[in-house]
Amino acid sequence: STGIARLDEMLGGQGVFRGSSVLVSGAPGTGKSSIGATFADAACRRGERALLFAYEESSAQIVRNMRSIGLDLEPWVKKGLLQIHASRPALQGLEQHLVGLHDTVQAFRPAVVVVDPISNLTIERSDAEVKPTLMRLIDFLKQQQITTLFTSLTTGGSGTSAAEDSQVAVSSLMDAWLLLRNVE
C-alpha cells in the first residue's frame with residue numbers, strides 16, 4: 001500500500017508491486033514529498049523498515065512539515081523503523097553519493113526507500129552523467145526487492161508538456177509514473 005487509499009485503488013486496489021520503482025513528478029507544491037513520506041509511513045505501519053533520502057530539507061524539517069499535514073514520522077524514527085538521511089548531493093561527487101546510498105541501504109535493509117527529489121542530483125551535472133548513475137541505483141534496489149519511490153521536480157507550468165518533462169529523464173526506467181499537477 002502507498003498509504004493513500006484512493007491512490008492504491010487507482011493502482012489496482014493494493015498499491016504498487018513489491019520491488020518496483022515509482023516516479024512521482026510535479027511542479028513545486030503539488031505534494032510529491034507528502035506522498036513520499038506517506039509511502040514511508042505506510043511501510044512502518046506494516047512493521048517494515050523505510051529509508052527516506054531527502055535532498056531539500058533537514059530531518060527535523062521533514063518531521064515538522066509532515067506533522068502539519070497530520071503525518072507523525074517521529075515515532076517510527078524512535079522505534080528504528082524509519083531513517084531519514086538529509087544531505088546535499090552537491091557536497092560530494094555523484095559516484096560517492098551513490099556509494100553512500102548503497103552502504104546505507106545495505107546496513108539498514110529497508111523494505112521501502114524514498115528518494116526526494118532525484119532532480120537535485122542534476123544540479124551542475126549533465127543528464128548524461130546522472131541517468132547511468134540512477135540506472136545503477138534502480139537496478140541495485142530492484143535486486144534487493146526494495147520498493148522505491150522517487151520524486152522529481154518538473155520545470156514549472158501547468159501545461160502537459162511542461163509537467164511531463166521529467167528533469168532527469170528517467171521516467172522510462174520506472175515501473176509506474178505519477179504526474180501531479182496543481183489545478184486552479
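This report walks through the fold, one helix and the salt bridges of a predicted model.

## The overall picture

Let's start with the whole chain. The protein has 184 residues, and 47% of them count as buried. Its secondary structure is made up of 7 helices and 6 strands. If you follow the chain from the N terminus, the elements come in the order α-β-α-β-α-α-β-α-β-α-β-α-β.

Now look at how the chain meets itself. Among contacts with a separation of 6 or more, 79% are between residues 24 or more positions apart. On the outside, the accessible surface comes to about 9,100 Å², and carbon and sulfur atoms account for 51% of that surface.

## A closer look at helix α3

Helix α3 covers residues 59–67. Which of its residues are buried? They are Ile 62, Val 63 and Met 66. These three lie on the same side of α3, because they cover an arc of only 95 degrees around the axis.

What do these buried residues pack against? Their partners are two helices, α2 (32–45) and α4 (74–79), together with two strands, β2 (50–54) and β3 (82–86).

## Salt bridges around Arg 67

Side chains of opposite charge can pair when their charged atoms come close. In the whole structure, a search finds 7 salt bridges. A good place to begin is Arg 67, which takes part in a network of salt bridges with Asp 72, Glu 74 and Lys 78.

Two of the pairs involve Arg 67 itself. With Asp 72, the closest N and O atoms are 3.4 Å apart. With Glu 74, the N to O distance is 2.5 Å. Are these residues buried, partly exposed or exposed? Arg 67 has a relative accessible area of 40%, so it counts as partly exposed. Asp 72 is partly exposed as well, at 35%, and Glu 74 is partly exposed at 31%.

## A bridge between distant parts of the chain

Another salt bridge joins the side chains of Asp 175 and Lys 142, with an N to O distance of 2.4 Å. This pair links distant parts of the chain, as its two residues are 33 residues apart. Where does each partner sit? Asp 175 is in the loop between α7 (160–163) and β6 (176–180), while Lys 142 belongs to helix α6 (residues 127–143).

Lys 142 has a relative accessible area of 24%. Buried means under 20%, so Lys 142 counts as partly exposed.

Technical notes. Residues numbered from 1 in each chain as written. Predicted model: local features only at pLDDT ≥ 70, side-chain atom pairs only at ≥ 80, totals over all residues. Heavy atoms only, no water. Helix = DSSP H or I, 4+ residues; strand = E, 2+ residues; numbered from the N terminus. Buried < 20%, exposed > 50% of the residue type's maximum accessible area, 1.4 Å probe, protein only. Contact = heavy atoms within 4.5 Å. Areas by Shrake-Rupley, 256 points an atom, 1.4 Å probe, with all protein chains shown as cover. Arc of directions from axis to C-beta. Salt bridge = Lys/Arg side-chain N within 4 Å of Asp/Glu carboxyl O.
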